[in-house]
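Please open the model in a viewer and keep the sequence panel visible. The tour below proceeds from the whole chain to selected residues.

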Amino acid sequence: MSILPKRRLSALMLATLVPCAAHADEVAVAVAANFTAPMQKIAQLFEQDTGHKAQLSFGATGKFYAQVANGAPFAILLAADERTPEKIGREGLGDPATRFTYAVGRLVLWSKQPGYVDADGKVLETGDWRHIAIANPKLAPYGQAAMETLARMNLADKVQGRVVQGENIGQTYQFAASGNAALGFVALSQVTEDGKLREGSAWVVPASLHTPIRQDAIVLKPGQGNAAAAALMQYLRGEKARAVIQSYGYAF
């Protein structure tokens, strides 16, 4: 009976131990700030289930577009709107055939103070607040939705001088959470989990008051042919990811 040389035995053991790792890949994902919490959970599940790793960057959709146009090596964009991915596909910066709506966002008027925001948002007219946080409407779709809401309520001019503008919806939430602004128009996903408000008080803005916040995903040029990018796009459509997305108040 022959005995395998140590070097050959080690090589065989290595080959049997790491076949999956050889096929695992990494994918750089640009994620709209409102989708931070759910995407962090989804990325963990994705790695556990597929072996692929998602490297996440969070920020404003408008800024991500500028970075992508300037050659940023993101493989996937999870935008806060549908227009930006459509534009990216049209300009040849991504594959338009991969674009789909991964979530429909909800806008909420929120205060860290319990009982301060009423069920109809009348605090906008009657409250003694000095500042309201709103994301930059030129860069952040949630900021644009907030301004549309105020215009529909005939309050845009009234609140204009009291707006504290966040660069993205993440910074906007921080303004309200820190108390620098008594009120903030933020994403429902930032203040709820499993259908419950984590703290403070809120008014979920009726969808009829602003353009629907359809959030689209698209594979960008650097991600074409990347196995992890294709796997993540498929994973986002699956039951596990959708359960996480719904738990943060998003629809489809």
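How many positive and how many negative side chains does the protein chain have, and how far apart do the centres of the two sets lie? The protein chain carries 25 positive and 21 negative side chains, and 4 Å separates the centres of the two sets. To see this, colour the charged side chains by sign. Please bear in mind throughout that the model is predicted.

**The whole chain**

Next, display the protein chain as a cartoon. There are 12 helices and 12 strands to find in the protein chain. Along the principal axes, the C-alpha atoms fill a box of roughly 90 × 40 × 30 Å. Then switch to a surface view. The accessible surface of the protein chain amounts to about 12,700 Å², and carbon and sulfur atoms account for 51% of this surface. Of the 252 residues in the protein chain, 46% are buried. Among contacts between residues at least 6 apart in sequence, 79% join residues at least 24 apart.

**Strand 4 and its partner**

Select residues 100-105, which form strand 4. Is this strand mostly covered or mostly uncovered? Strand 4 is mostly covered, with 5 of its 6 residues buried. Now add residues 213-219, which form strand 12. Strand 4 and strand 12 pair in the antiparallel sense, and 5 bridges link the two. To view one bridge in detail, select Gly-105 together with Ile-213, its bridge partner in strand 12. In a regular strand, side chains alternate between the two faces of the sheet.

**Gln-190 in helix 10**

Move to residues 188-191, which make up helix 10, and select Gln-190 within this helix. Is Gln-190 buried or exposed? Gln-190 counts as buried because its relative accessibility is 11%, under the 20% cut-off. Show its side chain as sticks: one of the polar atoms there lies 2.9 Å from the backbone nitrogen of Ala-187. Then add the residues that Gln-190 contacts beyond its neighbours within four places in sequence: Ile-169, Gly-170, Tyr-173 and Arg-198.

**Gln-234 in helix 11**

The last stop is helix 11, residues 227-236, where Gln-234 should be selected. Gln-234 counts as exposed because its relative accessibility is 61%, over the 50% cut-off. Finally, select Thr-98 as well and draw a line between the two C-alpha atoms. Gln-234 and Thr-98 are 136 residues apart along the chain, and their C-alpha atoms are separated by 10.0 Å.

Note on methods. Residues numbered from 1 in each chain as written. Predicted model: local features only at pLDDT ≥ 70, side-chain atom pairs only at ≥ 80, totals over all residues. Heavy atoms only, no water. Helix = DSSP H or I, 4+ residues; strand = E, 2+ residues; numbered from the N terminus. Buried < 20%, exposed > 50% of the residue type's maximum accessible area, 1.4 Å probe, protein only. Contact = heavy atoms within 4.5 Å. Areas by Shrake-Rupley, 256 points an atom, 1.4 Å probe, with all protein chains shown as cover. Lys, Arg positive; Asp, Glu negative; His and termini not counted. Charge placed at Lys NZ, Arg CZ, Asp CG, Glu CD. Pairing = 2+ DSSP bridges. Polar contact = N/O pair within 3.5 Å; in protein donor to acceptor, adjacent residues only side chain to side chain.
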